[in-house]
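Let's take a friendly walk through this structure, one local feature at a time. Have the sequence and the 3D view ready, and follow along as each residue comes up.

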Amino acid sequence: MSATAPLSPPVAPAPAPPGWRHARRANSLSEVFGSIAVPEAGASFWRKFRAYWGPGLLVAVGYMDPGNWATDLAGGARYGYTLLSVVLISSGFAMFLQHLAAKLGIATGRDLAQACRDHYSRPVSLGLWAMCEIAIAACDLAEVIGSAIALNLLFGLPLAWGVVLTTLDVLVVLFFQHKGFRLIESLVGGLILLIFFCFLYEIIASHPDWRALAGGLLPRPEIVTSPGTLYVAIGILGATVMPHNLYLHSSIVQTRAFGPDETAKRTAIKFATIDSTVALFLAFFVNAAILVVAAATFHGKGHDNVADIADAHKLLTPVLGAGAASALFAVALLASGQNSTLTGTLAGQIVMEGFLDLKLKPWVRRLITRLIAVVPALIVTILYGERGTGQLLVLSQVVLSLQLSFAVVPLVLFTGDKLKMGVFANRPAVQVTAWVVSGIILVLNVYLLWQTAVG
């Protein structure tokens with residue numbers, strides 16, 4: 001008889017770290033996880049900053065997507081520069097929550113979706129996944145409509161054809177995903193700069209009242225005492241924090257190859273926060289610029305009710321007397337829609353892999369998400385035209401508001417948990433601030449949804 005090889009002992013599963021039910025099953029975005037080198041501890045500030053610079057740009061895209069344009073246009077056209085302070089406060093809230101998302105990803109090695117999957121029961125986790133998928137589809141809907149409107153404004157392409165054409169960007173996204181994460185960050189950064197300079201020109205061409213503009217950065221009592229102003233202000237605040245951005249940021253910060261020790265993680269958190277704060281300041285400029293241009297161009301000049309993107313484009317040239325103003329407005333809108341497409345693709349992948357531990361081919365994942373957005377957009381465009389797409393854009397923001405609490409509350413809970421976060425857990429003052437900020441955003445979103453429901 002031939003001797004049989006001794007059986008190897010079974011490999012014991014890796015023990016779960018403190019605070020978690022299971023060991024981490026896979027790296028977030030495994031194909032690019034830790035793919036970007038960072039300098040050693042003794043390197044200069046600027047070398048470190050250049051290495052960590054990039055994820056914040058992808059996050060900033062969600063704060064200047066086409067879904068935010070309508071509320072900024074309405075705020076400027078109706079109330080002048082009054083609501084600039086709301087844009088500023090909203091941006092501060094966003095910077096704070098994105099810092100928490102980055103800290104979760106770096107300190108625990110898990111993105112927000114993976115953390116939810118480990119912490120909650122299977123039914124709750126599946127419910128959170130379904131809500132997040134709906135939010136991503138709603139965000140994608142805003143991108144489809146915004147890009148279709150931009151193509152119509154620039155080239156006269158019918159909205160229905162523009163909606164169909166947006167499905168082709170699946171191929172563009174796949175091409176850049178295979179070329180490396182730095183290329184995606186560079187592409188997004190280039191489009192953000194294009195949007196930035198478009199609106200820099202818009203501000204110069206609109207000749208705003210600089211003294212009134214500066215005064216608008218300070219909160220005024222009429223923001224809360226006037227029902228109309230309060231409603232638009234809540235719309236601006238409610239549309240600011242994008243729930244899928246919290247999942248996205250907690251993952252893409254892990255593309256940097258920082259070390260596992262406390263010092264390396266503290267450095268990574270520090271520079272990830274600087275990165276996202278600077279990038280979100282660019283997003284603040286874009287949102288503020290849309291409001292400023294609307295205030296300078298439409299407020300008090302017989303166009304106070306302008307809130308539709310297409311109407312704003314039509315009025316820019318005759319009011320400003322500069323043909324380039326309306327063209328650059330449309331170019332910025334198209335760049336905004338395409339930028340959001342890139343980040344929406346990544347967010348969808350992160351959410352599906354994190355909640356379900358399920359990997360799909362990228363083109364399948366992208367096509368599913370895009371078809372979910374294209375079908376309703378195409379139906380509404382064919383039946384109702386521009387006005388219908390404008391209402392659909394508002395609806396997409398309402399859906400995002402509904403999902404927001406299901407991303408913010410777990411994020412604040414996890415980052416304040418000492419067992420999960422260890423030495424990186426939120427300090428008491430930070431945790432109190434996190435709950436206050438979250439509470440304000442959630443209460444205002446509920447109020448906005450109620451106002452929308454009742455008319």
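## Two residues with positive phi

His207 counts as exposed, because its relative accessibility is 65%, over the 50% cut-off. Please keep in mind that the model is predicted. To find His207, look in the loop between helix H9 (181-206) and helix H10 (210-216). Its backbone is worth a glance too: phi of His207 is near 50°, a positive value in a residue that is not glycine.

Leu29 also has a positive phi without being glycine, with a value near 45°. Leu29 belongs to the segment before helix H1 (45-52). Is Leu29 buried or exposed? Leu29 counts as buried, because its relative accessibility of 2% is under the 20% cut-off.

## Aromatic pairs and a cluster

Searching the whole structure turns up eleven aromatic pairs. One of them joins Phe196 and Phe197: their ring centres are 5.4 Å apart and their planes stand at 90°, so this pair is edge-to-face. Another pair, Phe281 with Phe284, is tilted, with 5.8 Å from centre to centre and 45° between the planes. Both of these residues sit in helix H14 (residues 262-297), three residues apart, or about one turn of the helix. Phe284 counts as buried, at 11% relative accessibility.

You can also pick out an aromatic cluster, formed by Phe45, Trp46, Phe49, Tyr52, Trp53 and Phe271.

## Charges over Trp20

Which residues lie over the face of Trp20? Arg110 does, at 4.3 Å from the ring centre. Lys420 also lies over the face of Trp20, at 4.1 Å from the ring centre.

## The second largest pocket

The second largest pocket holds about 320 Å³ of space. Its lining is made up of 21 residues, and those nearest the pocket centre are Arg24, Ile106, Thr108, Gly109 and Lys265.

Helix H4 and helix H18 (418-421) each contribute at least two residues to this lining. The largest share, four residues, is supplied by H4.

## Thr82, between two helices

Thr82 is in the loop that runs between helix H3 (66-79) and helix H4 (84-108). Thr82 is buried, with a relative accessible area of 11%. What does the side chain of Thr82 reach? It reaches the backbone oxygen of Tyr79, at 3.0 Å. If residues up to four places away in sequence are set aside, Thr82 touches Gly216, Arg220, Glu222 and Ile223.

## Helix H5 and its cap

Helix H5 (residues 112-119) is mostly covered, with seven of its eight residues buried. The buried residues are Leu112, Ala113, Gln114, Ala115, Cys116, Arg117 and Asp118. At the N-terminal end, H5 is capped by Asp111, which has a side-chain oxygen 3.0 Å from the backbone nitrogen of Ala113.

## Ala407 in helix H17

One of those H5 residues, Leu112, appears again here: Ala407 is in contact with Leu112, Pro243, Leu246 and Tyr247, leaving aside neighbours within four places in sequence. Ala407 is part of helix H17 (residues 362-415). With a relative accessible area of 0%, Ala407 is buried. Finally, compare its position with Met131: the two residues are 276 residues apart along the chain, and their C-alpha atoms are separated by 9.5 Å.

Notes. Residues are numbered from 1 along each chain as its sequence is written. This is a predicted model: local features need pLDDT of at least 70, side-chain atom pairs count only at pLDDT 80 or more; totals for chains, interfaces and linings use all residues. Side-chain values use heavy atoms; hydrogens and water are left out. Rings of Phe, Tyr and Trp (its six-membered ring) pair if their centres lie within 6.5 Å; planes under 30 degrees apart count as stacked, over 60 as edge-to-face and the rest as tilted. Buried means under 20% relative accessible area, exposed over 50%, partly exposed in between (1.4 Å probe, protein chains only). A charge sits over a ring if NZ of Lys or CZ of Arg is within 6 Å of the ring centre and within 35 degrees of the ring normal. A polar contact is a pair of N or O atoms within 3.5 Å; within protein, one must be able to donate a hydrogen and the other to accept it, and residues adjacent in sequence count only if both atoms are side-chain atoms. Contact means heavy atoms within 4.5 Å. On a 1 Å grid over the protein atoms alone, a cavity is a set of points where a 1.4 Å probe fits but cannot get out, and a pocket is an open set with protein on both sides within 12 Å along at least five of seven lines; lining residues have an atom within 4 Å of a point. Grid points are joined across faces, edges and corners, and a volume is the space filled by probe spheres set on the points.
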